[in-house]
Structure formats: structure tokens, C-alpha cells
Amino acid sequence: MINRIRDLRKAKGWTLADLAEACDPPTTAQTVGRLETGMRNLSIKWMDRIGRALDIDPQSLVRSEDKPAPSVVAILGEHGPEPLAKAADAVLPTELLGDAPLMALSISASTGEYRSGDQLWMRQLAPEDAGKAINRDVLVPRKGGRFYFGRLIDRQGTLVGILPPGLGQKQQVVDDPPWIAVAEMLVRPL
């Protein structure tokens with residue numbers, strides 16, 4: 001089995017200390033480093049603890065050596081593409097976005113900053129967590145099996161204000177939506 005803690009931690013932009021602090025109970029950056037490098041045994045208990053801290057399925061922390069995984073081979077910076085000293089696992093959206101229900105929104109016509117063929121990976125939030133999505137693009141269900149999509153601009157009581165993408169659009173208001181899905185990742189074919 002291949003240990004993927006480092007790749008998943010870095011995909012979230014966390015340091016060893018960030019992950020150590022997020023553990024419950026907190027641990028040390030040195031312990032996390034030892035778990036990442038295999039100097040300390042990655043037990044089921046540690047997998048559960050680190051999985052909760054990263055908000056991912058603990059099984060994502062390891063992968064079989066028999067199945068090749070997509071890898072990151074270079075990083076594009078201000079001076080062009082730079083090779084990595086060692087290839088790293090590419091982290092898939094389903095692994096990166098945690099345990100919250102995931103959904104995708106396919107874009108069939110260019111609108112606002114989105115192009116036809118784009119796919120938005122979205123994480124579902126409970127309505128009471130709408131404050132976490134202010135000024136972010138969201139998908140909100142409305143009655144009759146329909147949806148509103150756009151920037152979440154307001155939340156007052158049970159009312160949610162959505163500004164659709166594109167110029168000259170009017171705010172849409174949904175009363176007491178059962179959930180809100182916030183855009184977390186854009187996948188764009190080239």
C-alpha cells in the first residue's frame with residue numbers, strides 16, 4: 001500500500017503543523033511527518049483521525065501499488081513548467097472535497113465566466129451553513145424540481161438571494177431551500 005497523506009495534505013495547502021492541529025485530539029507536526037514517511041505505523045486509528053482532520057474518507061489515505069494512479073509530474077510557475085523531484089499523486093475531486101455529499105453541474109452554454117463543456121464540482125451544505133458560501137457560486141433547488149444558479153449574495157432568515165451569472169441579471173430569491181451546493185472545483189476540457 002502507498003501512503004498518500006502528504007499528497008492529500010498538500011492538495012489542501014496545509015503544513016504538517018496545520019494537519020497536526022486539525023487532528024482531534026491535536027498531535028505534533030513531527031508525528032504527522034513520521035506517519036507520512038512510514039517511520040510510524042499508519043494504523044486504522046490514525047487513518048480515522050487523519051481522515052477526519054482532512055475531512056476525507058480515511059481509505060483515501062492509502063492506495064494499492066497494483067493500480068497506477070494519476071500523478072502530478074510538473075508545476076507551472078512564473079518561470080514556466082518545473083519538474084517535481086518526485087512525481088506526486090494527483091488528488092481527485094472526490095477525494096479532495098471531503099465527506100459532504102458531492103454533485104456536479106455541467107455547463108451546456110457559455111454564461112458568465114463559465115464555458116460550454118465546463119463541469120463544476122459542488123459540495124452540498126445545509127441551509128444553516130449558507131454563510132460559508134456568501135460571494136461564492138451556488139446551486140439552490142427550488143420547488144417543482146428546478147434550480148437557481150449564481151452567486152450567493154444574501155441570506156436573511158429562510159430567504160437566500162442568488163445573483164445569476166452574466167450581465168444585467170436580476171437577483172433571484174429562494175425561500176427555505178433544503179440544501180445549497182457550493183462550487184468547489186472547475187473542470188474544463190481543453
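# A first look at this predicted model

Asp55 comes right after helix H4 and has a positive phi, near 60°. That small detail is one stop on a tour of a predicted model whose protein holds five helices and eleven strands. We begin with the whole protein, move on to two helices and a seven-stranded sheet, and finish at a single residue, Glu113.

**The whole protein**

- The C-alpha trace spans about 55 × 40 × 30 Å along its principal axes.
- The protein has 190 residues, and 36% of them count as buried.
- About 11500 Å² of the protein is exposed, with carbon and sulfur atoms supplying 52% of that area.
- If you take the contacts between residues at least 6 apart in sequence, 49% of them join residues at least 24 apart.
- Positive side chains number 24 and negative side chains number 24, and the centres of these two sets lie 1 Å apart.

**Helices H3 and H4**

- Helix H3 covers residues 29-37, and its buried residues are Thr31, Val32, Gly33, Leu35 and Glu36.
- Those buried residues of H3 pack against four elements: strand E1 (2-3), helix H1 (5-11), helix H2 (16-22) and helix H4 (44-54).
- Gly38, just after H3, takes a positive phi of about 85°.
- In H4, the buried residues are Trp46, Met47, Arg49, Ile50, Gly51, Ala53 and Leu54.
- The partners that these buried residues of H4 pack against are H1, H2, H3 and strand E2 (62-63).
- H1 and H2 therefore appear on both lists: the buried residues of H3 pack against them, and the buried residues of H4 do too.

**The seven-stranded sheet**

- Seven strands form an open sheet with antiparallel pairing, in the order E5-E6-E11-E7-E8-E9-E10.
- Strand E5 (102-106) and strand E10 (172-175) are the edge strands, each pairing on one side only.
- On average, neighbouring strands of this sheet are turned by 45° against each other, direction ignored.
- At the E5 edge, five bridges join E5 to E6, and these strands run antiparallel.
- One place to look is Ala104, whose bridge partner in E6 is Trp121.
- Met103 and Leu105 make up the covered face of E5, while Leu102, Ala104 and Ser106 make up the uncovered one.
- Further into the strand order, strand E7 (residues 137-142) and strand E11 (residues 180-187) run antiparallel and are joined by two bridges.
- Here Val138 has Val182 of E11 as its bridge partner.

**A closer look at Glu113**

- Glu113 sits in the loop between E5 and strand E6 (119-125).
- Is Glu113 buried or exposed? Glu113 counts as exposed because its relative accessibility is 56%, and the exposed class begins over 50%.
- Leaving aside residues up to four places away in sequence, Glu113 touches Asp137, Arg151 and Arg188.
- Of these, Asp137 belongs to the residue range of strand E7.
- Pro165 is 52 residues from Glu113 along the chain, yet the C-alpha atoms of the two are separated by 7.6 Å.

How values were computed: Residues are numbered from 1 along each chain as its sequence is written. This is a predicted model: local features need pLDDT of at least 70, side-chain atom pairs count only at pLDDT 80 or more; totals for chains, interfaces and linings use all residues. Side-chain values use heavy atoms; hydrogens and water are left out. Two strands pair if DSSP finds at least two bridges between them. Axes are lines fitted to C-alpha atoms, for helices over the stretch in contact, and angles run from 0 to 180 degrees between N-to-C directions. Buried means under 20% relative accessible area, exposed over 50%, partly exposed in between (1.4 Å probe, protein chains only). Contact means heavy atoms within 4.5 Å. Accessible areas come from the Shrake-Rupley method with a 1.4 Å probe; for residues, only the protein chains shown count as cover. Lys and Arg count as positive and Asp and Glu as negative; His and the chain ends are not counted. The place of a charge is taken as NZ of Lys, CZ of Arg, CG of Asp or CD of Glu.
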